[in-house]
Amino acid sequence: MIYADSTAILARPSGKLEWLDFTLNPYQGCTFACTYCYAAFFAPEEEQRERWGQWVRVKTNALAKLRHSRQDVHGKTVLMSSATDPYQPIEAKLELTRSLLPILAQRGAHLSVLSRSPLVTRDIDLFQTFEHVNVTMSITTDSDEVRQRFEPQCASIDRRLQAITQLSNAGLRTSINVAPLLPLYDAQAFAQRIIASGVSRVHIGTFHETRGPFASGTRQPALAIAREMGWTEERRELVAAELRGYLNQATHHRFAA
């Protein structure tokens with residue numbers, strides 16, 4: 001665990017996220033240890049990249065920075081978070097992410113939350129104070145056996161589906177992010193469970209393989225596991241199309257992107 005000040009808390013995104021107005025990352029690094037995580041490429045030091053999943057940096061001045069920020073977020077979309085999960089295990093104790101939510105709500109921000117942690121349900125009361133909010137849960141497979149290979153420190157598939165269902169039942173706009181799509185045992189049954197969760201949107205994405213020396217691609221540990229499991233690019237695309245088909249067929253409209 002690293003405690004350190006941050007020079008800024010609201011950032012202007014670029015690249016694939018440039019459609020957003022701001023990103024807000026209360027933490028740097030991550031202890032969920034996902035083998036594929038692109039965010040590891042953005043760690044400033046090689047040692048941090050090699051130890052990805054074993055450390056997290058707490059931005060101790062995040063609350064003060066946001067309180068004193070002159071950035072106008074009224075009506076602007078703020079993504080929490082782009083390079084880390086805002087609901088790190090340590091968040092249960094520190095409540096850093098939770099402390100930032102009332103300020104964003106008071107200033108009229110449109111909040112978008114991306115997490116893979118059931119801890120996100122703790123903040124339903126604060127999410128309900130936003131005029132515009134969307135909570136997205138990352139659920140990449142229907143198999144805990146697969147999850148344990150690719151996402152060893154993450155909550156079970158059942159717990160994540162239960163969490164997003166609870167958020168939907170609380171009247172919040174919700175989504176599921178199936179990215180990167182990992183091996184599935186039963187795409188049709190998985191689609192049915194997704195629909196039953198009450199989400200209004202599903203994003204499906206496969207591995208992003210890159211050849212550049214510094215780019216947000218899929219990390220080698222995940223690619224090695226995928227090769228071992230026969231999770232080829234061709235297979236990934238076929239299963240992605242199958243899952244989209246079941247989702248769209250069941251809802252009679254374009255449900256999955």
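Contact here means heavy atoms within 4.5 Å. Keep that in mind for the legends below, which all show a predicted model.

**Figure 1. The whole protein, before we zoom in.** This predicted model has 10 helices and 10 strands. Of its 257 residues, 51% count as buried. Look at who touches whom: among contacts with a separation of 6 or more, 76% are between residues 24 or more positions apart. The accessible surface comes to about 12400 Å², and carbon and sulfur atoms own 48% of that.

**Figure 2. Helix H7 and the things that cover it.** H7 runs over residues 157-169, and its 13 residues reach 18 Å from first C-alpha to last, close to the 18 Å expected at 1.5 Å a residue. Which residues of H7 are buried? They are Ile157, Arg160, Leu161, Ala163, Ile164, Leu167 and Ser168. These residues cover an arc of only 160° around the axis, so they sit on the same side of H7. Over on the other side, Gln162 and Asn169 are exposed. The cover on the buried residues includes helix H5 (124-127), strand E8 (133-138), helix H6 (144-150), E9 and H8. Just after H7 comes Gly171, with a positive phi near 90°.

**Figure 3. Helix H10, with a buried side and an exposed face.** Try a quick check with a ruler: at 1.5 Å a residue, the 19 residues of H10 (residues 233-251) should span 27 Å, and the end C-alpha atoms are 27 Å apart, which agrees. Buried in H10 are Arg236, Val239, Ala240, Leu243, Leu247 and Thr251. Their arc around the axis is only 105°, which puts them on the same side of H10. Turn to the face pointing away from that buried side and you meet the exposed residues Glu234, Leu238 and Gln249. What do the buried residues of H10 pack against? Their partners are strand E9 (173-178), helix H8 (187-196) and strand E10 (201-204).

**Figure 4. Strands E9 and E10, side by side.** E9 and E10 pair in the parallel sense, over 4 bridges. Asn177 stands opposite His203 in E10. Follow E10 along and the side chains alternate. Val202 and Ile204 point to one face and are buried, while Arg201 and His203 point to the other and are not. As the H10 view showed, E9 and E10 are both packed against by the buried residues of H10.

**Figure 5. Arg122 and Glu91, a salt bridge between a loop and a helix.** Side chains of opposite charge can pair when their charged atoms come close. A search of the whole structure turns up 9 salt bridges. In one of them, Arg122 pairs with Glu91, and the closest N and O atoms are 2.7 Å apart. Arg122 lies in the loop between strand E7 (110-115) and H5, whereas Glu91 belongs to helix H3 (residues 91-94), so the pair ties together parts that are 31 residues apart in sequence. Are these two residues buried or exposed? Arg122 counts as partly exposed because its relative accessibility is 24%, while Glu91 is buried, with a relative accessible area of 0%.

**Figure 6. Asp123 and Arg98, a link from the same loop to helix H4.** The side chains of Asp123 and Arg98 meet in a salt bridge, 2.7 Å from N to O. Asp123 is in the loop between E7 and H5, and Arg98 is in helix H4 (residues 96-106), so this pair ties together parts that are 25 residues apart in sequence. Asp123 counts as buried because its relative accessibility is 0%. H4 has its own buried residues: Leu96, Thr97, Leu100, Leu101, Ile103 and Leu104. After H4 you reach Gly108, where phi is positive, near 75°.

**Figure 7. Arg147 and Asp144, a salt bridge inside one helix.** Arg147 forms a salt bridge with Asp144, with 2.5 Å between the closest N and O atoms. Both residues lie in helix H6, 3 residues apart, which is about one turn of the helix. Arg147 is buried, with a relative accessible area of 7%, but Asp144 counts as partly exposed at 27% relative accessibility. Elsewhere, salt bridges that share partners join Glu91, Arg98, Arg122, Asp123 and Asp125 into one network.

Methods
Residues are numbered from 1 along each chain as its sequence is written. This is a predicted model: local features need pLDDT of at least 70, side-chain atom pairs count only at pLDDT 80 or more; totals for chains, interfaces and linings use all residues. Side-chain values use heavy atoms; hydrogens and water are left out. Helices (H or I, at least four residues) and strands (E, at least two) are DSSP runs, numbered from the N terminus. The expected span of a helix is 1.5 Å times one less than its number of residues. Buried means under 20% relative accessible area, exposed over 50%, partly exposed in between (1.4 Å probe, protein chains only). The arc is that of the directions from the helix axis to the C-beta atoms. Accessible areas come from the Shrake-Rupley method with a 1.4 Å probe; for residues, only the protein chains shown count as cover. A salt bridge is a side-chain nitrogen of Lys or Arg within 4 Å of a carboxyl oxygen of Asp or Glu. Two strands pair if DSSP finds at least two bridges between them.
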